[in-house]
Amino acid sequence: MIEHAATQRDPQQARRVVRHYAQLAPAYDQRWDRYTRGSLGRLAARLPLEGDERLLDLACGTGRLGRLLRQAQPRLDVTGVDLSPDMLAVARAELPEDERTRWLEGTLETVNLADASFDVATCNNAFHLLPDQAGALQRMAALVRPGGRVAIVDWCRDYPQIGALQLLARLGFGQRRRILSQAELAALFEAAGLEIVTSERFRATPFWGMTCLVGRRPPVP
């Protein structure tokens, strides 16, 4: 939901992202409400949750995906990871931490998460900021149990206006983004050993062209 997936491999990028979202955090949900509802709503519709799953949300931002899914599944276990302490402060205020809710500051490389400890791992609207996208997907695949799901919703370069954002972000904000096509993202899923369950393009708003991929970690034979 929020673009905070830069890792320790690029500390300057991480600092820029943290500064950027420190300013946006107080009003982020209101400012990007339509876009967020359009993107996260699509993801929620593609996750067949029964209610007691363990969810990992990478680059969770204000925790809106966790709140959305918790409304439908009150027993859902939610772990959110994000670089921005300001965005996480909003997440904690909206959905306080308890035995089923954790908000962790850091990245996949810095937080302590056990392999095969989640049923679903997601990254929403942030994958284009990951400096090692292939490595991130491999790590997410390792974090879900056999038969678990990995889901990505992100900007899609197949839409010309979205491809142009890559250059604009670099020139205007000094942010390095690698926006993938649907086929490129699918190839990364396959390279991570994930069986693709859902692969589609959609528009979160008339401008924002997105892709949604859901993959399954193969069950143990």
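In the predicted model, the largest nonpolar core (a set of buried Ala, Val, Leu, Ile, Met, Phe, Trp, Tyr and Cys residues joined through side-chain atoms within 4.5 Å, where buried means under 20% relative accessible area with a 1.4 Å probe, protein chains only) has 30 residues, of which L47, L69, W103, W155, I162, W208 and M210 touch the most other members. At least two residues of this core come from each of α3 (33-46), α4 (64-72), α5 (85-94), β5, α7 (160-173) and β7 (209-216), the helices (H or I, at least four residues) and strands (E, at least two) being DSSP runs numbered from the N terminus. Apart from this core lies another, of 29 residues, including L130, L188, F189 and A192.

When residues up to four places away in sequence are left aside, I162 touches W155, C156, R157, I179, F207, W208 and G209, a contact meaning heavy atoms within 4.5 Å. Across the protein, 71% of the contacts with a separation of 6 or more are accounted for by residues 24 or more positions apart. The protein has 8 helices and 7 strands, and buried residues make up 55% of its 221 residues.

Residues are numbered from 1 along each chain as its sequence is written. Because the model is predicted, local features need pLDDT of at least 70 and side-chain atom pairs count only at pLDDT 80 or more, whereas totals for chains, interfaces and linings use all residues, and side-chain values use heavy atoms, with hydrogens and water left out.

Note on methods: Buried < 20%, exposed > 50% of the residue type's maximum accessible area, 1.4 Å probe, protein only.
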